[in-house]
Amino acid sequence: MTLGRLQRLNEELEELRYCSEQGIPILIEGKRDEEALQELGIHGEFIKVSGSSSNLSEIADSVARSSSMVIILTDFDRKGNQLANRLRREIESLGCYPNLQIRKRIMGMTRKYIKDIQSLPKYIQRLEMEISPYPFQYNSIY
C-alpha cells in the first residue's frame with residue numbers, strides 16, 4: 001500500500017516537474033511551498049498568492065497574459081480549496097486554462113496525512129522510511 005502511494009505520488013511530482021520545465025507557471029500560497037517544491041526537484045516559475053501585494057484578479061491577469069496554462073497548487077485545507085476555486089474562476093474568465101488535476105490527485109493521496117504543500121518532502125521521507133527503514137550500509141571487514 002505504502003509503496004503504491006509513494007510511486008503514484010512520485011509520478012505526480014514528475015508530471016509537475018515536467019510542466020514547470022515547459023515554462024508553465026505554478027501558483028502556490030507562499031515561500032515555504034516554493035522551498036518544499038524545490039527540495040523535491042521542482043524548479044520553475046512559482047507565483048506566490050498569499051502575502052502578495054497584488055490581489056487575486058491582478059495575479060490572474062498577469063498569469064493569463066504570460067501563459068495559456070497555469071497549475072494551481074494551493075494547500076489542501078479549507079482556505080486552500082477556497083483559494084484554488086477563486087483562482088480557477090478568475091483565470092478561466094481570462095481565457096487561460098487552470099490545471100487543478102495535479103493538485104486534486106496529490107490531495108487525494110495525502111489528505112489523511114498532510115494539509116499543505118510545505119509538508120510534502122517530509123511526508124515522502126516518511127513513506128520511504130516505511131518501505132525501507134534501514135538504509136543500506138556497507139561494512140567492510142578489512
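1. Secondary structure first: the chain has six helices and four strands, where helices are DSSP runs of H or I with at least four residues, strands are E runs of at least two, and both are numbered from the N terminus. In sequence order the pattern reads α-β-α-β-α-β-α-β-α-α.

2. Before you dig in, keep in mind that this is a predicted model, with local features needing pLDDT of at least 70, side-chain atom pairs counted only at pLDDT 80 or more, and totals for chains, interfaces and linings using all residues. Residues are numbered from 1 along each chain as its sequence is written, and side-chain values use heavy atoms, with hydrogens and water left out.

3. On overall dimensions, the C-alpha atoms fill a box of roughly 65 × 30 × 25 Å along the principal axes. Of the 142 residues, 43% are buried (under 20% relative accessible area, with a 1.4 Å probe and protein chains only). The accessible surface is about 8500 Å², and carbon and sulfur atoms hold 47% of that (Shrake-Rupley method, 1.4 Å probe).

4. Contacts (heavy atoms within 4.5 Å) have a long-range share worth noting: among those between residues at least 6 apart in sequence, 66% join residues at least 24 apart.

5. Charges: there are 20 positive and 20 negative ones, and their mean positions lie 6 Å apart. Lys and Arg count as positive, Asp and Glu as negative, while His and the chain ends are not counted. Each charge is placed at NZ of Lys, CZ of Arg, CG of Asp or CD of Glu.

6. Now the sheet. It is open, with four strands in the order S2-S1-S3-S4 and parallel pairing (two strands pair if DSSP finds at least two bridges between them). Strands S2 (46-48) and S4 (97-99) are the edges, each pairing on one side only. Neighbouring strands are turned by 30 degrees against each other on average, direction ignored.

7. Zooming in on one edge, S1 (residues 26-28) runs parallel to S2 and is joined to it by three bridges. Leu27 has Ile47 in S2 as its bridge partner. Helix H2 (residues 31-39) packs on the sheet, touching S1 and S2, and its direction makes about 160 degrees with that of S2. Axes here are lines fitted to C-alpha atoms, for helices over the stretch in contact, and angles run from 0 to 180 degrees between N-to-C directions.

8. Last, Asp116, which sits in the loop between helix H5 (101-110) and helix H6 (120-131). Asp116 counts as buried because its relative accessible area is 9%. Beyond neighbours within four places in sequence, Asp116 is in contact with Asp75 and Phe76.

Definitions and conventions: Buried < 20%, exposed > 50% of the residue type's maximum accessible area, 1.4 Å probe, protein only.
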